[in-house]
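Please walk through this structure with the model open beside the text, beginning with the cysteines and moving on to the core and the helix packing.

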Amino acid sequence: NRGDKSIDREDADQSRREAERKIKLLIGEANSERDWSSDFYPYRYLATQGFLPGYNFPNSPVKAVVSINGNIEYVTRPRFVAIKEYAPNNVIYHEGNQYQIKRMDIGAGEFESLEKRVKTCNQCGYLLEGEQQSSDVCPNCHITFDAENSSILPHLIEMLTVSTKRIQKITCEEEERIRSGYSVSTNYRFVNSPVDADVKNAEGKSVLSLRYSHATEIWRINHGLKKNRGRGFLIDKDSGQWISESKDDTTTNKETVKIFVKDQQNTLVLKFNENFPDNLARKTLMYALARSIEIHHQLEENEISCELINDQILFWESSEGGIGVLEYLVNNTKAFASIADVALDLCHFKEESDLCSKACYDCLLSYSNQPEHLNLDRNLIHEMLQTLSTSIVAKNNNGLTRDEHYKKLLGLTDPRSQLEKDFLNYLYKESLLLPDYAQKSLADVHAQPDFYYEGKKVCVFCNGSAHDSKEQRDRDVALYDDLRDHGYRVEVISYDEEWQNKVRLKAGDIY
């Protein structure tokens with residue numbers, strides 16, 4: 001009994017110190033050099049609560065509270081890493097010590113307000129939240145929901161700060177957990193309207209469908225241990241304590257939950273339109289394209305993350321704030337051909353390697369995809385990469401083909417302006433990105449640019465000799481300043497300059 005009281009007293013003391021630390025962080029009094037969250041922490045807190053929407057702080061990681069010699073410290077992990085590493089009752093290592101995840105930081109009476117329920121499409125992985133769950137059709141792949149192709153996930157809890165307890169030895173139970181691993185799924189939902197495009201082969205047939213969004217909410221859901229077939233985790237609803245199923249427990253107010261983390265990223269969903277049934281081939285192509293995108297755009301390894309969801313590949317930009325390369329793949333007609341050409345070189349097809357039969361660390365293998373090493377085979381994707389190396393990306397403009405959209409824009413140009421027609425013809429012939437609109441009146445500024453790129457908020461003005469007078473130039477400068485103040489980019493194409501060179505220089509950025 002004395003031992004039990006000593007353990008209870010130690011836990012209570014740690015909880016008190018943790019609460020005192022949080023108060024100091026919130027009022028900005030923490031000054032420890034090792035305290036990652038002391039910098040502008042009150043502002044970060046207010047921003048996460050919606051009081052400072054203009055502050056663009058990076059998404060805060062998940063924290064684990066550890067006690068070292070009586071002092072409370074935080075060990076942080078990125079959200080998508082923490083969903084496994086900080087899972088219930090898992091063991092982590094810090095400064096030579098072992099700590100077990102024992103509790104999630106849930107305040108008294110907060111459990112019911114934190115609990116969520118979502119609906120997922122088993123076909124494409126799309127997630128529906130709130131009122132969307134009443135829909136009988138998937139908003140993404142448009143399949144009619146039934147009991148087989150959709151799932152209801154109740155009792156979801158977003159992963160919060162976790163508390164740990166120092167342990168001396170790892171028991172057979174922890175060893176079994178490490179061997180088994182966790183069942184984690186990835187789902188997503190678009191916050192804004194996505195942009196669609198097709199990748200067409202040399203004969204004009206669509207081989208891939210692309211869907212890009214610069215505001216996609218990615219959910220990673222931990223369903224529980226694989227050996228338990230993802231039944232979830234038992235939690236004490238009052239204290240947030242994780243309960244082990246293998247031990248007798250008298251807790252009455254407990255529930256089985258699944259934990260999740262979410263983040264908002266730039267995403268690209270790639271779907272196969274022609275017969276490409278081999279799952280191993282899809283997985284191999286996924287890693288080949290991800291690595292080739294990084295090489296082509298000179299990115300660090302793992303700045304592009306990917307996951308295979310049935311017959312689709314989900315790519316997302318892991319870097320904080322995004323890097324814009326996935327949007328380039330949709331907006332540039334020759335983008336996929338360039339990426340596939342890099343992939344052909346990466347996979348040794350341009351210069352055959354005798355040392356690589358299926359995959360090696362010079363092509364497809366990396367530390368991050370170690371569990372898949374035996375499943376990757378570069379020979380399965382040779383034909384597909386060759387097809388993609390001569391492909392064209394055709395952006396879907398409200399259901400119109402590129403040719404149809406070009407003719408529509410041409411019909412909307414000012415009949416008195418030959419420069420507008422020349423500019424549009426140049427974009428079309430050079431396979432550059434066509435504007436979304438011509439002669440569009442903007443809602444928040446009294447302006448009507450000659451051409452408008454909606455996703456990039458770029459206004460293009462084609463100025464002829466009528467803009468040479470001082471009065472007109474002054475009006476133009478005032479208008480352009482007003483547009484920039486409202487967040488628009490302004491591009492001016494003038495009749496008396498080599499505007500083709502200007503357009504070529506900005507190919508891939510705007511055009």
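In this predicted model, the sulfur of Cys347 has its closest cysteine sulfur in Cys363, and because the two are 5.7 Å apart, they are too far from each other for a bond. Cys347 itself counts as buried, with a relative accessibility of 0%. Cys360 is likewise in no disulfide, although the sulfur of Cys363, the nearest cysteine sulfur to it, is 3.6 Å away; a disulfide would need the pair to be within 2.5 Å. Cys360 also counts as buried, at 17% relative accessibility, and a search of the whole structure returns zero disulfides.

Turning to the interior, the largest nonpolar core comprises 47 residues, and those with the most contacts inside it are Leu210, Leu270, Phe315, Leu326, Leu329 and Phe336. If its neighbours within four places in sequence are left aside, Phe315 is in contact with a set of residues that includes Asn266, Leu270, Met286, Leu289, Ile304, Cys306 and Leu326. Apart from this core lies another, of 27 residues, among them Val75, Met159, Val257 and Val261.

The helices offer a further view of the packing. Helix H6, residues 279-296, packs against helix H8, residues 335-346, at an angle of about 105°, and their axes are 8 Å apart; because of that angle, H6 is roughly perpendicular to H8. On the H6 side the contact is made by Ala288, Leu289, Arg291, Ser292, Ile293, Ile295 and His296, while H8 contributes Phe336, Ser338, Ile339, Val342, Ala343 and Leu346. Sorted by class, the contact of H6 with H8 has nine nonpolar, three polar and one charged residues.

Note on methods
Residues are numbered from 1 along each chain as its sequence is written. This is a predicted model: local features need pLDDT of at least 70, side-chain atom pairs count only at pLDDT 80 or more; totals for chains, interfaces and linings use all residues. Side-chain values use heavy atoms; hydrogens and water are left out. Buried means under 20% relative accessible area, exposed over 50%, partly exposed in between (1.4 Å probe, protein chains only). A nonpolar core is a set of buried Ala, Val, Leu, Ile, Met, Phe, Trp, Tyr and Cys residues joined through side-chain atoms within 4.5 Å. Contact means heavy atoms within 4.5 Å. Axes are lines fitted to C-alpha atoms, for helices over the stretch in contact, and angles run from 0 to 180 degrees between N-to-C directions. Helices (H or I, at least four residues) and strands (E, at least two) are DSSP runs, numbered from the N terminus. Angles under 35 degrees count as roughly parallel, over 145 as roughly antiparallel, 65 to 115 as roughly perpendicular and the rest as oblique. Ala, Val, Leu, Ile, Met, Phe, Trp, Tyr, Cys and Pro count as nonpolar, Asp, Glu, Lys and Arg as charged, and the others, Gly among them, as polar.
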